[in-house]
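Please describe how the interior of this protein is packed, and how its helices and the turns beside them are arranged. A short report with one small table would suit the purpose.

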Amino acid sequence: MIRRAKIVPYVLVGLMLAVPSVWAGYDAGAKAYLAKDYKRALREFKADGSPPSQYVLGIMHFKGEGVEVDKAGAVKLLRASAERGYLKAQYSLAVIYDKGDGVDQDQPEAAKWYRKAAEQGHAQSQFNLGLMYTNGEGVEKDRAEAVKWLRKSAGQGHVRAQKLLRVMGEK
């Protein structure tokens, strides 16, 4: 983990330099968003159209930041970002379907999006997917699959995953 942490900033800087036009609109939108200039943020994110921009637009619509609350529109934006592989959107979409917040609760759909984020190494998604397999919620109950995902999460320091594995009698 230490080696990976040292290289990540260099990789990110390299990616940003390699595709400045992709990140320029996002960066401008992010600065406007942080300054609570939602009108400008909306304009910048819409113009950019990248998965991170679609994600933030979805969150803005979900929360009603600079626009009326529009959870159906938010889900469309989050789905567009998630389908393009954006981890944060995948996780957010999973939580929305898991809780039924603005959509009908749909645990199989939640499991689908948790899995996509979990496969990218997202510890909370790995934990949530492990719970779903433990309880048979949205997926067939499967102890081996539950343990697999809980171990991945626990390996990243997820305390609740570590505790659940101990309760289950797993290492």
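Helices (H or I, at least four residues) and strands (E, at least two) are taken here as DSSP runs, numbered from the N terminus. This is a predicted model, in which local features need a pLDDT of at least 70 and side-chain atom pairs count only at pLDDT 80 or more, whereas totals for chains, interfaces and linings use all residues. Residues are numbered from 1 along each chain as its sequence is written, and side-chain values use heavy atoms, with hydrogens and water left out.

Lys36 sits in the loop that joins helix 2 (20–34) to helix 3 (38–48). Although Lys36 is not a glycine, its phi is positive, at about 65 degrees. With a relative accessible area of 60%, Lys36 is exposed; exposed means over 50%, buried under 20%, and partly exposed in between, with a 1.4 Å probe and protein chains only.

A nonpolar core is a set of buried Ala, Val, Leu, Ile, Met, Phe, Trp, Tyr and Cys residues joined through side-chain atoms within 4.5 Å. The largest such core has 36 residues, and Phe45 and Met60 are those with the most contacts inside it. Two or more residues of this core come from each of several elements, among them helix 4 (51–63), helix 5 (71–83), helix 8 (123–135) and helix 9 (143–155). A second, separate core of eight residues includes Phe127, Val147, Ala161 and Leu165. Contact means heavy atoms within 4.5 Å, and Met60 touches Tyr33, Tyr38, Ala41, Leu42, Phe45, Glu65 and Val67 when residues up to four places away in sequence are not counted.

Helices 6 and 7 can be set side by side; the expected span of a helix is 1.5 Å times one less than its number of residues.

| Helix | Residues | Expected span | Distance between end C-alpha atoms |
|---|---|---|---|
| helix 6 | 13 residues | 18 Å | 18 Å |
| helix 7 | 13 residues | 18 Å | 18 Å |

In helix 6, the buried residues include Leu87, Leu93, Ile96 and Tyr97, and what covers the buried residues of this helix includes helix 4, helix 5 and helix 7. Gly100 follows helix 6 with a positive phi, near 70 degrees.

The buried residues of helix 7 include Glu109, Trp113 and Tyr114, and their cover includes helix 5, helix 6, helix 8 and helix 9. At the start of helix 7, a side-chain oxygen of Asp106 comes to within 3.1 Å of the backbone nitrogen of Glu109. Gly121, just after helix 7, has a positive phi of about 95 degrees.

How values were computed
A polar contact is a pair of N or O atoms within 3.5 Å; within protein, one must be able to donate a hydrogen and the other to accept it, and residues adjacent in sequence count only if both atoms are side-chain atoms.
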